[in-house]
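Hello,

Here is the structure you asked about. My notes follow below it.

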Amino acid sequence: QVQLVESGGGLVQAGGSLRLSCAASGFTFSSYVMAWYRQAPGKERELVARITLGGSTDYADFVKGRFTISRDNAKKMGYLQMISLKPEDTAVYYCNARLVTGFTEYWGQGTQVTVSS
């Protein structure tokens, strides 16, 4: 059974840090591009960061210098290290895995990140 399960969300004060994890199972994780998206109430889902099969990364401008995406293919895990968190980072964060062909993708259920001022 294919699964992506996020964990590590929670409540932090502005300036704090969190590390999100994404556990993959039921498919060949190393063949998929992995990304993190987020969605705040009343807003569209937006791309936060992406990491390719070879480890190249891309970041949204609003998180550059603060967030780091990584992956461990042997453990079938993806990560998002977040530092210097701001209240505007408050959102549900989703893990996404997309086959290089673009024909198949999977989504996790999301984990809530809340940053208080």
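To begin with one pairing: in strand E3, Ser 25 is the bridge partner of Gln 3. Please keep in mind that this is a predicted model.

The sheet

That bridge belongs to a wider pairing. E1 and E3 (residues 18-25) run antiparallel to each other and share five bridges. Both are part of an open sheet of four strands. The order is E1-E3-E8-E7, with antiparallel pairing. Strand E1 (3-7) and strand E7 (67-72) are the edges. Each has a single partner strand, so one side of each has no neighbour in the sheet. From one strand to the next, the twist averages 15°. As general background, strands in a sheet pair through backbone hydrogen bonds, in a parallel or antiparallel way.

Asn 96

Next, a polar residue in strand E9 (residues 91-99): Asn 96. Is Asn 96 buried or exposed? Asn 96 has a relative accessible area of 3%. The cut-off for buried is under 20%, so Asn 96 counts as buried. Its side chain has a polar contact, at 3.1 Å, with the side chain of Glu 105. Setting aside neighbours within four places in sequence, Asn 96 is also in contact with Leu 4, Val 33, Met 34, Ala 35 and Tyr 37. Tyr 106 and Trp 107 are on that contact list too, as is Glu 105 itself. Leu 4 falls within the range of E1 (3-7).

Gly 16 and the loop after E8

Gly 16 sits in the loop between strand E2 (10-13) and E3. Which residues does Gly 16 touch, not counting those up to four places away in sequence? They are Met 82, Ile 83, Ser 84 and Leu 85. Gly 16 and Met 82 are 66 residues apart in sequence, yet their C-alpha atoms are 8.4 Å apart in space.

Ser 84, one of those contacts of Gly 16, lies in the loop between E8 and E9. Ser 84 is not a glycine, but its phi is positive, about 50°. Its relative accessible area is 38%, so Ser 84 is partly exposed.

Lys 76

Lys 76 also has a positive phi without being a glycine, here about 55°. This residue is placed in the loop between E7 and strand E8 (77-82). What is the relative accessibility of Lys 76? The value is 25%, which means that Lys 76 counts as partly exposed.

Best regards

Conventions. Residues are numbered from 1 along each chain as its sequence is written. This is a predicted model: local features need pLDDT of at least 70, side-chain atom pairs count only at pLDDT 80 or more; totals for chains, interfaces and linings use all residues. Side-chain values use heavy atoms; hydrogens and water are left out. Two strands pair if DSSP finds at least two bridges between them. Helices (H or I, at least four residues) and strands (E, at least two) are DSSP runs, numbered from the N terminus. Axes are lines fitted to C-alpha atoms, for helices over the stretch in contact, and angles run from 0 to 180 degrees between N-to-C directions. Buried means under 20% relative accessible area, exposed over 50%, partly exposed in between (1.4 Å probe, protein chains only). A polar contact is a pair of N or O atoms within 3.5 Å; within protein, one must be able to donate a hydrogen and the other to accept it, and residues adjacent in sequence count only if both atoms are side-chain atoms. Contact means heavy atoms within 4.5 Å.
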